[in-house]
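These are my notebook entries on a single structure. I set down what I looked up, entry by entry.

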Amino acid sequence: EANRKGNSEALGKLEKMLVTDKGKEIFTKIVTARSRLSAAYERIYALARAQNHSESTAFLMKEFAPANNAFIAAIEDLNKAMTEFMDKGKEEALGAIATVRYSMIAALAVAFALGLVVAYALARALSGQIESVVRQSEKIAQGDFSAEPGRVIPPLRTEIGRLLTAQERMRTGLIEVMEKVRHSANQVSDS
């Protein structure tokens, strides 16, 4: 009888946790089956106290066992429904995880592609500036000190910017030296 009180408390807690209509419907079947079983317990206890063995045995077989089996079947139905509900939730969660995984992979692929584009653009910009230094150096080596048309010197914060600035100072310095040499040569030839 003490176990029946504990079972009643457990069923009360279980009822509060049920959220689906199917679970509540099965729980109603459990309560109905438990009510029939409780009445059967009262009768079997009374027969046992009266030591009426033949009637106890007949009642046990015809009424108590079927009531007990119906109660157990209702509990098993609820267990099956809860298992199905949890399996469905698990499948939905795994589906959501897969979606997030694919989204993350796609985002990483886009970020990687974007990184490649940025790296390519930076490499082209740097190689263009280096090519400008090479062309200007080749012109100077051939004695052409004119500035390269459309040449833009980037800010001094970068190594390429410092290199281009130094090359430009060297070019203008060479022009000044050449002008001084020309001026001196003109003075010598005029004298």
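The entries below begin with confidence and then turn to side-chain contacts, a surface patch and a loop residue.

**Entry 1. Confidence**

I noted at the outset that this is a predicted model. I then looked up the mean pLDDT of the protein chain, which is 89. In the same place I read that 95% of the residues reach 70 or more. I next asked which element has the lowest mean pLDDT and which the highest. Helix α1, residues 2–17, has the lowest, at 83, and α3 has the highest, at 93.

**Entry 2. Aromatic pairs**

I asked how many aromatic pairs the structure holds. There are 2. In one of them, the ring centres of Tyr 41 and Tyr 45 are 5.7 Å apart and the planes stand at 40 degrees, so I recorded this pair as tilted. The class follows because an angle between 30 and 60 degrees is neither stacked nor edge-to-face. Both residues lie in helix α2, and because they are 4 residues apart there, about one helical turn separates them. I also checked accessibility: Tyr 41 is partly exposed at 23%, and Tyr 45 is partly exposed at 25%.

Tyr 41 has a further partner, Phe 64, and I recorded that pair as edge-to-face, with 4.9 Å from centre to centre and 85 degrees between the planes. Tyr 41 belongs to helix α2 and Phe 64 to helix α3, so the pair ties together parts that are 23 residues apart in sequence. Is Phe 64 buried or exposed? I found a relative accessible area of 11% for Phe 64, which means that this residue counts as buried, the limit for that class being under 20%. Taken together, the ring pairs link Tyr 41, Tyr 45 and Phe 64 into a cluster.

**Entry 3. Arg 43 and its partners**

I then turned to Arg 43, a residue of helix α2. Over which ring does the charged end of Arg 43 sit? The ring is that of Phe 59, and the charged end lies 5.8 Å from its centre. Arg 43 also forms a salt bridge with Glu 55, and I noted 2.3 Å between the closest N and O atoms. This pair links distant parts of the chain, since Glu 55 is in helix α3, 12 residues apart from Arg 43. Both partners are partly exposed: Arg 43 has 35% relative accessibility, and Glu 55 has 34%.

**Entry 4. Other salt bridges**

I looked up the total and found that the structure holds 5 salt bridges. One of them joins the side chains of Glu 84 and Lys 22, at 3.5 Å from N to O. Glu 84 lies in helix α3 and Lys 22 in helix α2, so this pair ties together parts that are 62 residues apart in sequence. I recorded Glu 84 as partly exposed, with a relative accessible area of 40%. Lys 22 is likewise partly exposed, at 48%.

I also recorded a salt bridge between the side chains of Arg 135 and Glu 131, at 3.9 Å from N to O. What separates Arg 135 and Glu 131 along helix α3? They are 4 residues apart in that helix, which means a separation of about one helical turn. Arg 135 is partly exposed, with a relative accessible area of 37%, and Glu 131 is partly exposed as well, at 40%.

**Entry 5. Nonpolar surface patch**

I asked which residues make the nonpolar surface patch. They are Leu 114, Val 117, Val 118 and Leu 122, and the patch covers about 380 Å². I checked one of these residues further: Val 118 is found in helix α3. Val 118 counts as partly exposed because its relative accessible area is 44%, between the limits of 20% and 50%.

**Entry 6. Gln 51**

My last entry concerns the loop between α2 (21–49) and α3 (53–141), where Gln 51 is found. I noted that phi of Gln 51 is near 55 degrees, a positive value in a residue other than glycine. Is Gln 51 buried or exposed? At 59% relative accessibility, I recorded Gln 51 as exposed, since that class begins over 50%.

Conventions:
Residues are numbered from 1 along each chain as its sequence is written. This is a predicted model: local features need pLDDT of at least 70, side-chain atom pairs count only at pLDDT 80 or more; totals for chains, interfaces and linings use all residues. Side-chain values use heavy atoms; hydrogens and water are left out. Helices (H or I, at least four residues) and strands (E, at least two) are DSSP runs, numbered from the N terminus. Buried means under 20% relative accessible area, exposed over 50%, partly exposed in between (1.4 Å probe, protein chains only). Rings of Phe, Tyr and Trp (its six-membered ring) pair if their centres lie within 6.5 Å; planes under 30 degrees apart count as stacked, over 60 as edge-to-face and the rest as tilted. A charge sits over a ring if NZ of Lys or CZ of Arg is within 6 Å of the ring centre and within 35 degrees of the ring normal. Patches are made of residues with over 30% relative accessible area and no salt bridge: like charges are joined within 9 Å, nonpolar side chains (Val, Leu, Ile, Met, Phe, Trp, Tyr) within 5 Å. Accessible areas come from the Shrake-Rupley method with a 1.4 Å probe; for residues, only the protein chains shown count as cover. A salt bridge is a side-chain nitrogen of Lys or Arg within 4 Å of a carboxyl oxygen of Asp or Glu. pLDDT is the predictor's confidence in each residue, from 0 to 100.
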